[in-house]
Amino acid sequence: MTSSAAVDLRQPETPNIAGGHQVIVCLPFIGDLVGGSHMSSLGLIRNLPRSRFVPLVVLHDTDGPVADLFRREGVDFVAAPVLNRLARAAPRNGAAVVNVMRTLPALVRFLRASNASIVHTNDGRTHLIWGLAARIAGAKHLWHHRGDATSFGLRRVAPWLPNRLVAVSKFASPRPGIFSAASKCSVVHSPFDVTKMAGFEREEARNNVLAAIGCSPETKLLGYVGTLVDRKRPILFVEAVAALKRLSPETKVAGLFFGNALNGLDEAAKSRAEALGVADCIHFMGFRYPGEPWIAGLDALLVTAVNEPLGRTLVEAMLLGTPVVAADSGGNPEVVEDGRTGMLVRADDPDEFARACLKLFSDAALRDRIVETARSEVRARFSFERHVHAITSVYEELTGGMAAMQRSARAG
């Protein structure tokens, strides 16, 4: 394999499951935007037991940010045989159907030539583009769902297209019904390097953040980590910073955005900060990788998102010892227990976020207790080992069924 160009897959080196050897798992990505799914996939790719499974990582965009990330992390990938022209929000109209049909023959040939037994897709566009190709090529399709349960694809496509489905939280899982994918879905939490995150010196990290934004040591550092999209409520984050300043004028505070913006939401956040008189308190840091040193330097992570399936930064903060204040929405309550492992507040209420922060800042014993409890619990629940075991169990279920069918066909 190579990390910069396509390879000739007409004579694959690794035998298929029919030979009783390693199983080739194709993991395709579009490559034009880095998100939590790529971080989770990195952990899976690195930790798959190579004696049983060989990852074949495929990118449609080999010069984009995902390619840059994989190169930095030493993950080999190949170029997809076709370009992708689906927009980030995959349309539900004829354009999507035309795109899938246009790319289908090349993807089927690619999967057959590579002897891929499983196609593991991780976002809405790859579900659509690669799912049907997997079926026609004779591979099993695993749909990894990271959105909410109301998404069009989960409700209308997942019941018939994939062989199996895994969701990152109960909230993200399909609801039972007559036409539903619930019966073939299981919950598999995203993985985290729990060992690596134990080694950060928080005081040093905090000083580095203060130096980067030019603030004094007594400044309280509040963080928003993630892409600036409407669902994650970047405007609400600005309003929460303003509410804290209003409720406690003597408290020096800085709000830091870590992430790239879509649809001009960075400009909208700047305008809102100016209107509320806190523009000097808001800092746009852009996407930072690795993010752990920055999260470790925060006094609190604010998870303002609504209907978030299960945000990675929430768990990362808990592992790093940064207290979390999260909206009581989506998958957040599956990780955060109010007053025990973090603070849960009413969604879309900036005053509630501000009050929770002030409570943490004024009660050191409460803050320390929350931090230690949170760190202990997420270490046990979100390790690479647990994630890899859960995913490979699904792989083995899928390929075991395939092998049984092949044996039956030969016997017949």
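**Exercises on salt bridges, burial and a cavity**

Arg246 and Asp351 form a salt bridge, with their closest N and O atoms 2.6 Å apart. This pair links distant parts of the chain: Arg246 sits in helix 7 (residues 234–247) and Asp351 in helix 11 (residues 350–362), 105 residues apart. The model is predicted: local features need pLDDT of at least 70, side-chain atom pairs count only at pLDDT 80 or more, and totals for chains, interfaces and linings use all residues. Residues are numbered from 1 along each chain as its sequence is written, and side-chain values use heavy atoms, with hydrogens and water left out.

**Exercise 1. Find what Arg164 pairs with, and place both partners.**

Step 1. Apply the rule: a salt bridge is a side-chain nitrogen of Lys or Arg within 4 Å of a carboxyl oxygen of Asp or Glu. Side chains of opposite charge can pair when their charged atoms come close.

Step 2. Arg164 forms a salt bridge with Glu397, and the closest N and O atoms are 3.0 Å apart.

Step 3. Locate them. Helices (H or I, at least four residues) and strands (E, at least two) are DSSP runs, numbered from the N terminus. Arg164 lies in strand 6 and Glu397 in helix 13 (residues 384–411), so the pair ties together parts 233 residues apart in sequence.

Step 4. Check the cover. Buried means under 20% relative accessible area, exposed over 50%, and partly exposed in between (1.4 Å probe, protein chains only). Arg164 is buried, because its relative accessibility is 11%. Glu397 has 46%, so Glu397 is partly exposed.

Step 5. Add the total: the structure holds 21 salt bridges.

**Exercise 2. Describe helix 10 and the salt bridge between Arg312 and Glu316.**

Step 1. The two side chains of Arg312 and Glu316 meet at 3.6 Å, N to O.

Step 2. Arg312 and Glu316 are 4 residues apart in helix 10 (residues 312–320), so about one helical turn separates them. An α-helix has 3.6 residues a turn, so residues three or four places apart point the same way.

Step 3. Arg312 counts as buried because its relative accessible area is 14%. Glu316 is buried too, at 11%.

Step 4. Look at the whole helix. Of the 9 residues in helix 10, 9 are buried. Among them are Leu314, Ala317 and Leu320.

Step 5. Go just past the end of helix 10. Gly321 takes a positive phi of about 85° there.

**Exercise 3. Which residues line the largest cavity?**

Step 1. Define the term. On a 1 Å grid over the protein atoms alone, a cavity is a set of points where a 1.4 Å probe fits but cannot get out; lining residues have an atom within 4 Å of a point.

Step 2. Count. There is 1 cavity of 30 Å³ or more. The largest cavity has about 30 Å³ of space.

Step 3. List the lining: Met318, Thr322, Pro323, Val324, Thr341, Ile370, Val371 and Ala374.

Step 4. Find the main contributor. Helix 12 (residues 364–381) gives the largest share of the lining, 3 residues.

**Exercise 4. How many disulfides are there, and is Cys26 buried or exposed?**

Step 1. A disulfide is a pair of cysteine sulfur atoms within 2.5 Å.

Step 2. By this rule the count is 0 disulfides.

Step 3. Cys26 is buried because its relative accessibility is 0%. Cys357, at 1%, is therefore also buried.

**Exercise 5. State whether Ile178 is buried or exposed, and find its loop.**

Step 1. Ile178 has 94% relative accessibility, so Ile178 is exposed.

Step 2. Ile178 lies in the loop between strand 6 (164–167) and strand 7 (185–187).

Note on methods:
1 Å grid on protein atoms, 1.4 Å probe; cavity = no way out; pocket = protein on both sides within 12 Å on 5 of 7 lines; lining within 4 Å. Points joined across faces, edges and corners; volume = space filled by probe spheres on them.
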